Amino acid sequence: MESNPSISMSTIRTLHAPSESPGNITAQSQPSSPRSSALASSPNSPSESVSSLPSVGSSFFFSSAAASPPRSQPQSNHYARDFSTQGLIIPSLTLPAPLRRPTPFGKTLGDLRLLVVGSGADDRELVSNILLDDNEDVVDISGWEDFEYGSILRASTDWIEHRDAHGLEKFEPAKNVEIISLARHEFDDNSTKSSILPVIQSPFRSVFELIDPRCQPSAALTNLIASPWSPLHTALIILSNSGPSASEDGPIDLLTPHIPVILMRHGPDHTHFPSRPHMSSFRPRSAAALRNGLFRSPETLSSLRYEAAERFLRWREVECAVEGINASHRETVSLSSNEPLWNKAKWEAEWESRLSQDVAISCEREDPARVPEQQCFDPLHLSSLISFSLCLLDPATKLLSRSVSTFVDKLADSQVRIAMVGSLCLGIGIGMMIR
């Protein structure tokens, strides 16, 4: 069949559409390119050159081109002219979801550790909905993890950036928000003492070991303990769906000396809890107010941390007082025992083996050969006494001679002689009268 060159390209494709036959299927399965088919066609056949080009409306990259119209040639030449184009596949790369950008409040939040008790602590979705869901400051939420007393939910308000061994940047969640749900126990006095207080006092004991017992409570120590990265729990939240009851007063009175307590209501009854002694100064009336105070109010969060630090210092003073009482009691028990405080036989057995060694060390330290001999003078020594007496003989002789010469000179005076004779007579007369 002769083809008219004036016929349009779409008309040629419609008139000379290849029939579905096994031969055509076999020929199309052999790979060929549009360029090789155009070179194999005859130059005096314009229809072949037109049909050999890919169609304008076809997808050249993902589907094969239309087959050329049939010619009155042998079947083998027809198979050679027929071609198909293999589609090119563009790989698709799935990018990970973009990380949430932390807010300024989230970057400066620090560590936030919360305890949740009460009837609402059993519902994990409720706890997550009140504190984390629809919270713009939270960028990542991990799953719940079970532990001995309940379950833990960790969340992040910021990312930690670091580089791996190949120098590539990597972001990991900070996990600075920790919510502990104590939902396995009843909220009464017994469970509070056996389950809740040990969880609260666990970081107390860790910090207690780091502080010198001689360090007294001060403003500097309080500021250190109330820092944003303190291991103490920030607050305890009581979720209750019922009205105030007297059964909750006992557990609350046991908890308030150890941690700031926040009372929250959920459910149809919105009666506000009455104030209890030593409770937290932060008293929100709704979940939104609670989230705003914990995540977006630095003043409220700092107040809660200082309240937690004050309760820790009070617990520390109590522990130090109890330790002092126990130490004095142990000392009293040891003194009242019948065992003597000092055992001579035990002392000799312990130190006798070192006696000779200690003596040798003392002799080396005070060697008489190294110490010069000192000249000592004994005034009671006989030779010394004689020498001293002979030394005094010359001054005594001179003094005696001077006294005798003076007396003789005075006797030469007549008046002195008369006075001396009169005194002698007077003395003799008085003596005779007395007799």
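How many bridges join strand β1 to β6, and do the two strands run parallel or antiparallel? The points below take up this question and then move outward from β6 to other parts of the structure.

1. This is a predicted model, and the answer to the opening question is that strand β1 (residues 112-118) and β6 are joined by five bridges and run parallel. Within this pairing, Leu115 is the residue that stands opposite Ile180 in β6. As background for a new reader, strands of a sheet pair through backbone hydrogen bonds, and the pairing may be either parallel or antiparallel.

2. Strand β6 also pairs with strand β3: β3 covers residues 151-156 and β6 covers residues 177-181, and here the sense is antiparallel, again over five bridges. Two positions help to locate this pairing on the model, since Arg154 has Glu178 of β6 as its bridge partner, while Ser151 stands opposite Ser181 in β6.

3. Is β6 enclosed by the rest of the structure or left open? Five of the five residues of β6 are buried, so the strand is largely enclosed by the rest of the structure. In a regular strand the side chains alternate between the two faces of the sheet. In β6, Val177, Ile179 and Ser181 point one way, whereas Glu178 and Ile180 point the other way, and all of them are buried.

4. These pairings belong to an open sheet of six strands, whose order is β2-β3-β6-β1-β7-β8 and whose pairing is mixed. The edges are occupied by β2 and β8 (261-265), and because each of these has a single partner strand, one side of each is left without a neighbour in the sheet. On average, neighbouring strands of this sheet are turned by 20° against each other, if the direction is ignored.

5. A further antiparallel pair is formed by strand β4 (residues 159-163) and strand β5 (residues 169-173), which are joined by five bridges. One of the matched positions is Trp159, whose bridge partner in β5 is Pro173. The hairpin of β4 and β5 has five residues between the strands, and in this hairpin Gly167 takes a positive phi near 80°.

6. Helix α8 deserves a careful look, for its 22 residues (189-210) reach 31 Å from the first C-alpha to the last, which is close to the 32 Å expected at 1.5 Å a residue. Even so, the helix has a kink of about 40° at Leu197, shortly before the proline Pro198. Many positions of α8 are buried, among them Ser191, Ile196, Leu197, Val199, Phe204 and Val207. Lys193 also has its place in helix α8, but Lys193 counts as exposed because its relative accessibility is 53%, and the cut-off for that word is over 50%. Lys193 and Leu255 are 62 residues apart in sequence, yet in space they are 9.1 Å apart, C-alpha to C-alpha.

7. Across the whole structure, a search finds 11 salt bridges. In one of them the side chains of Asp146 and Arg124 meet at 2.6 Å, N to O. This pair links distant parts of the chain, with Asp146 in strand β2 (residues 140-146) and Arg124 in helix α7 (residues 124-131), 22 residues apart. Asp146 is exposed, with a relative accessible area of 54%, whereas Arg124, at 35% relative accessibility, counts as partly exposed.

8. A second salt bridge brings together the side chains of Asp137 and Arg296 at 3.0 Å, N to O. Asp137 sits in the loop between α7 and β2, Arg296 sits in the loop between α11 (287-295) and α12 (298-336), and the two are 159 residues apart. Asp137 is buried, with a relative accessible area of 2%, while Arg296 is partly exposed at 30%.

9. Asp212 and Arg214 form another salt bridge, in which the closest N and O atoms are 3.1 Å apart. Asp212 is partly exposed, with a relative accessible area of 35%, and Arg214 counts as exposed at 70% relative accessibility. Elsewhere, salt bridges that share partners join Glu136, Asp137 and Arg296 into one network.

10. The last point concerns Asn135, which lies in the loop between α7 and β2. Asn135 counts as buried because its relative accessibility is 7%, and buried means under 20%. The side chain of Asn135 reaches the backbone oxygen of Leu131 at 3.1 Å.

Methods:
Residues numbered from 1 in each chain as written. Heavy atoms only, no water. Helix = DSSP H or I, 4+ residues; strand = E, 2+ residues; numbered from the N terminus. Expected span 1.5 Å × (residues − 1). Bend = angle between axes of the 7 residues up to and from the residue. Buried < 20%, exposed > 50% of the residue type's maximum accessible area, 1.4 Å probe, protein only. Salt bridge = Lys/Arg side-chain N within 4 Å of Asp/Glu carboxyl O. Pairing = 2+ DSSP bridges. Axes fitted to C-alpha atoms, helices over the stretch in contact; angles between N-to-C directions. Polar contact = N/O pair within 3.5 Å; in protein donor to acceptor, adjacent residues only side chain to side chain.
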